[in-house]
Amino acid sequence: VNTLLDNKVDKVSGKGLSENDFTTALKNTYDAKPSKSAVLCLVGEYLPNTTLTGTTAETSLGYVLIPANTYGAGKTAWVDSLLLRASGTSTIVARMRISTSATPTIASATLLATNNIPNTNQYAPFVRTNIHVDSSTSTKLYSATTSAVQDSANAITVTDLNIDWTVDQYIHVSAQLITSGDSITLHKLRIFL
């Protein structure tokens, strides 16, 4: 009985059995961060390793669903994808598009970005960090049709898009091959809030 009493855990008022407590040092570090809301939250991801070959039509390599009302006024969408141009003789054009359909006529979906990939055996990060939601139906896109590397440039064109965030939206990464023997692979597609 004495051994059991020596090893018992005293109940702390207001605490549950599985309560997690910050250490003082960890809490102070957390509180010192400039903005706790700046942490990116994953909305969805697609990790398919989908390869396109044998066609010259613009074709979706994959998409991520953004459920209705995920984004509201003041929020910014962040799209992160990675392509690999494995083979081919001509520049491959990759595009990032948004649509209300998982299977749209891809060329009619709203264009968010274009990335020309000229070299074989080249990984091409394809990122948009500045899709700013003004309201549920008004979105500002910074540098809509230039290469992804222009996403964070200082002086860039602002494009107004009529994206309705109150309905499901789908972000697609598509590619257009110049010859049917070219190939490109989508390795990842992630959407953050």
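In what order do the elements of the protein chain run from the N terminus on? Here are my notes on that and a few other things.

1. **Overall layout.** Keep in mind that this is a predicted model. The order reads α-α-β-β-β-β-β-β-β-β-β-β-β from the N terminus. In other words, you are looking at two helices and eleven strands. The helices come ahead of the strands in that run.

2. **How far to trust it.** Average pLDDT for the protein chain is 82, and 76% of the residues score at least 70. The stretch I'd flag is residues 144-149, where pLDDT stays under 50. For those residues the model still has 19 contacts beyond four places in sequence, and I would read them with that score in mind.

3. **Whole-chain numbers.** Of the 193 residues in the protein chain, 32% are buried. The accessible surface is about 10,900 Å², and carbon and sulfur atoms hold 52% of that. Among contacts with a separation of 6 or more, 73% link residues that sit 24 or more positions apart.

4. **The nonpolar core.** In soluble globular proteins, nonpolar side chains tend to be buried together. Here the largest nonpolar core has 31 residues. Those with the most contacts inside it include Leu-61, Leu-83, Leu-112 and Ile-191. Seven strands give two or more residues each to this core, namely β3 (59-66), β4 (76-87), β5 (92-99), β6 (110-117), β7 (122-135), β10 (169-176) and β11 (183-192).

5. **Ile-191 up close.** If you want one core residue to click on, try Ile-191. Leaving out residues up to four places away in sequence, Ile-191 touches Cys-41, Leu-42, Val-43 and Gly-44. Its other partners are Val-64, Ile-66, Tyr-71, Trp-78, Val-79 and Ile-171.

6. **β7 and its partners.** Strand β7 pairs with β4 in the antiparallel sense over nine bridges, and Leu-82 stands opposite Pro-125 of β7. β7 also pairs with β8 (residues 138-142), again antiparallel, over four bridges. In that second pairing, His-132 stands opposite Lys-140 in β8. The link from β7 to β8 is a hairpin through two residues.

7. **Arg-128, buried or exposed?** Arg-128 is found in β7 and counts as buried because its relative accessibility is 0%. As for company, a polar atom of the Arg-128 side chain lies 3.3 Å from the backbone oxygen of Leu-112. Leu-112 is also listed among the core residues with the most contacts, so do have a look at that spot.

8. **Two threonines, either side of a cut-off.** Why does Thr-129 count as buried, and why does Thr-159 count as partly exposed? Buried means under 20% relative accessible area. Thr-129 has 18%, so Thr-129 is buried. Thr-159 has 23% and therefore counts as partly exposed. Thr-129 is in strand β7, and its side chain makes a polar contact of 3.5 Å with the side chain of Asn-130. Thr-159 is in strand β9 (residues 158-161). From Thr-159 to Leu-141 the gap is 18 residues in sequence and 5.0 Å in space, C-alpha to C-alpha.

Terms used. Residues are numbered from 1 along each chain as its sequence is written. This is a predicted model: local features need pLDDT of at least 70, side-chain atom pairs count only at pLDDT 80 or more; totals for chains, interfaces and linings use all residues. Side-chain values use heavy atoms; hydrogens and water are left out. A nonpolar core is a set of buried Ala, Val, Leu, Ile, Met, Phe, Trp, Tyr and Cys residues joined through side-chain atoms within 4.5 Å. Buried means under 20% relative accessible area, exposed over 50%, partly exposed in between (1.4 Å probe, protein chains only). Contact means heavy atoms within 4.5 Å. A polar contact is a pair of N or O atoms within 3.5 Å; within protein, one must be able to donate a hydrogen and the other to accept it, and residues adjacent in sequence count only if both atoms are side-chain atoms. Accessible areas come from the Shrake-Rupley method with a 1.4 Å probe; for residues, only the protein chains shown count as cover. Two strands pair if DSSP finds at least two bridges between them. pLDDT is the predictor's confidence in each residue, from 0 to 100.
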